[in-house]
Amino acid sequence: MTFKTNSDSADRSRDKPSEDVQNDDSQHGNGDLVVVANRLPVHRSCPESPWETSPGGLVSALMPILREHHGVWIGWAGSLEAASDPFSHEGLFNVPVPISPDEVENYYEGFSNSSLWPLYHDACQPPHYHRHWWNPYVKVNRRFAERTAECAAPNARVLVQDYHLQLVPGMLRELRPDLRIGFFLHIPFPPVELFAQLPWRQQILEGLLGADVVGFQTRAGAQNFIRLVNRYTSHRGVGQAIMVGQRHVQAREFPISIDFDRFEQLAQDPAIIDRAEEIRAEVGEHRTILLGVDRLDYTKGIDLRLRAVDELLKSDRHTVNDLALVQVSVPSRESVDEYVEVRSRIEELVGQINGAHGEVGQMPVHYLRRNLPIEELVANYLAADVMLVTPFRDGMNLVAKEYIACRLHDTGVLVLSEFTGAARELDRAVLVNPHDIDGMASAIERAITMTKTEQARRIRSMRQKIRRRTVFDWANDFLGAVDAASSFSMTAGGGTRDTS
Ligand code: G6P
């Protein structure tokens with residue numbers, strides 16, 4: 001790996017590079033393309049175990065592009081890991097950023113997940129703001145920016161991911177003006193009235209404006225950002241463009257998606273089809289299976305969804321003999337109080353509903369609190385008659401897209417919250433207001449009684465949309481926009497890049 005830039009600070013990083021990164025060029029990425037995310041794309045159960053690639057759309061979308069460009073992924077290796085050396089795994093170069101236990105508490109659990117996460121999700125839990133969380137957020141963001149400045153080749157493209165790292169683009173631009181920087185926010189970006197609460201609103205906006213392209217899941221997110229820039233900074237945004245000194249910053253939507261072919265293939269795997277039949281037989285062939293799959297998070301609306309199912313079971317239209325809900329809840333952020341509370345609330349409700357409507361050997365709610373392997377997940381998608389995706393707010397929601405991709409026979413119904421990014425594209429779902437328990441109960445009833453012809457019409461139209469724009473298109477579009485936006489800035493006179 002070589003370091004050659006026209007920036008002083010980058011020259012400093014060249015003089016004193018990370019030894020690990022420089023030791024072995026054949027193994028290391030050349031840093032022409034760098035992804036920076038809170039987490040590395042790999043995990044392991046303990047420091048003695050081998051690394052495994054983490055599941056998920058972002059990782060599978062970016063891996064092929066990174067491999068092609070001998071890229072580098074910079075991120076945290078997870079709370080079990082102390083600082084570890086850069087390493088290659090499955091053809092990708094990983095650069096771990098150490099985060100101390102105190103920083104995990106203040107930067108990750110605190111500012112990222114107890115200030116920003118609830119604020120950006122419509123404040124559906126009250127966000128907490130503490131100065132002793134903000135300072136570690138700045139410090140950890142600086143560490144990520146410095147590590148990136150060391151690893152990125154001259155004029156490299158850097159893709160910064162998500163709300164944990166909103167200051168990185170600004171810090172990185174100061175350290176390395178030659179870089180082309182994209183930032184993508186995976187979660188919603190809130191309206192002016194909510195974002196205005198944040199005591200550090202201006203710093204966050206200025207941090208994001210260090211990027212050439214600031215990407216959002218929806219057009220509404222991008223518009224919120226431009227309005228906020230106009231209100232709280234000295235820069236001016238018109239349409240999708242914001243002038244920051246001589247640079248043009250582009251703010252627009254790039255709705256993320258899934259690896260459609262992978263889900264379609266899994267849905268044709270005979271072993272998975274057999275497993276789906278087994279699930280149906282275990283739950284009861286004659287029963288309608290409703291399915292929920294979520295991280296155990298208060299934004300997902302699992303509690304009100306359960307109450308809507310309870311309403312159906314209280315009505316004279318359904319009993320435990322004809323209806324079952326399988327709710328898969330993946331443990332998440334278990335050291336944050338609100339996550340502990342939502343878990344007890346949900347588990348209490350499951351107990352109440354099963355106690356009130358269950359029979360010996362037949363329960364209405366099958367509650368699984370664990371992460372399912374992808375094969376088991378797909379078997380559940382195949383077994384389910386109705387998929388319930390009812391978050392109070394969600395950046396996109398890929399579970400909704402995965403369910404549709406797996407419905408090869410055009411059967412099944414998606415009940416989808418209108419407050420998800422996915423609802424923009426999946427407008428043939430049965431759309432619901434997740435705060436309206438009676439409305440959700442009626443929507444589920446409508447889904448249960450929908451004719452096969454109507455199901456097919458809707459699923460077919462949604463499958464086509466998802467097939468047409470996969471996560472690989474997302475990655476190409478975003479990368480393409482970073483290239484186009486930065487060359488536009490250069491021709492506009494803002495370029496400080498070493499183009500030699
Ligand atoms: C959301 C965020 C991701 C995050 C994931 C899991 O999807 O947008 O950035 O990685 O949740 O949360 P965790 O806190 O475990 O990383």
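**Reading contacts in a predicted model**

Reader: As what does alanine 484, at 45% relative accessibility, count?

Author: Alanine 484 counts as partly exposed, since its relative accessibility is 45%; buried means under 20% relative accessible area, exposed means over 50%, and partly exposed is what lies in between, using a 1.4 Å probe and protein chains only. Before we go on, please note that this is a predicted model, in which local features need pLDDT of at least 70 and side-chain atom pairs count only at pLDDT 80 or more, whereas totals for chains, interfaces and linings use all residues. Residues are numbered from 1 along each chain as its sequence is written, and side-chain values use heavy atoms, with hydrogens and water left out.

Reader: Where is the place of alanine 484?

Author: Alanine 484 belongs to helix H19; helices (H or I, at least four residues) and strands (E, at least two) are DSSP runs, numbered from the N terminus. Its C-alpha atom is separated by 26 Å from that of glycine 75, which is 409 residues away along the chain.

Reader: How many aromatic pairs does the count come to, and how is such a pair described?

Author: In general, a pair of aromatic rings is described by the distance of the centres and the angle of the planes. Rings of Phe, Tyr and Trp (its six-membered ring) pair if their centres lie within 6.5 Å, and planes under 30 degrees apart count as stacked, over 60 as edge-to-face and the rest as tilted. By this rule there are 21 aromatic pairs here. In one of them, tryptophan 134 and tyrosine 137 have ring centres 5.8 Å apart and planes at 25 degrees, so the pair is stacked. These two residues are three positions apart in helix H5 (residues 131-151) and are therefore separated by about one helical turn. Tryptophan 134 is buried, at a relative accessible area of 8%, and tyrosine 137 is buried at 0% relative accessibility.

Reader: Why is the pair of tryptophan 474 and phenylalanine 478 stacked?

Author: Their ring centres are 6.0 Å apart and their planes are at 15 degrees, so the pair is stacked. Tryptophan 474 and phenylalanine 478 lie four residues apart in helix H19 (residues 471-494), which means that about one helical turn separates them, and both are buried. Beyond single pairs, one aromatic cluster is formed by Tyr107, Phe111, Trp134, Tyr137 and Trp200.

Reader: Which residues of helix H8 (residues 201-208) are buried?

Author: The buried residues in helix H8 are Ile204, Leu205, Gly207 and Leu208. Looking down the axis of H8, one finds these buried residues within an arc of 160 degrees (the arc of the directions from the helix axis to the C-beta atoms), so they line one face of the helix.

Reader: How many salt bridges does the structure hold?

Author: As a general idea, side chains of opposite charge can pair when their charged atoms come close. A salt bridge is a side-chain nitrogen of Lys or Arg within 4 Å of a carboxyl oxygen of Asp or Glu, and the structure holds 33 salt bridges. In one of these, aspartate 394 pairs with lysine 300, with the closest N and O atoms 2.9 Å apart. Aspartate 394 is in the loop between strand S16 (386-389) and helix H15 (398-406), while lysine 300 is in the loop between strand S13 (288-295) and helix H12 (302-314), so the pair ties together parts that are 94 residues apart in sequence. Aspartate 394 is buried at 11% relative accessibility, and lysine 300 is buried with a relative accessible area of 9%.

Reader: What separates arginine 458 and glutamate 454 in helix H18?

Author: Arginine 458 and glutamate 454, being four residues apart in helix H18, are separated by about one helical turn. They form a salt bridge whose closest N and O atoms are 2.8 Å apart, and both residues are buried. A network of salt bridges also links Arg275, Glu278, Glu282 and Glu376.

Reader: Which residues are around the ligand?

Author: A residue is near a molecule if one of its heavy atoms lies within 4 Å of it, and the residues around the ligand are Arg39, Tyr108, Asp162, His164, His186, Ile187, Arg295 and Arg333. An N or O atom in the side chain of arginine 39 is 2.8 Å from an oxygen atom of the ligand. Polar side-chain atoms of tyrosine 108 and aspartate 162 lie 2.4 Å and 2.6 Å, respectively, from an oxygen atom of the ligand.

Conventions: Polar contact = N/O pair within 3.5 Å; in protein donor to acceptor, adjacent residues only side chain to side chain.
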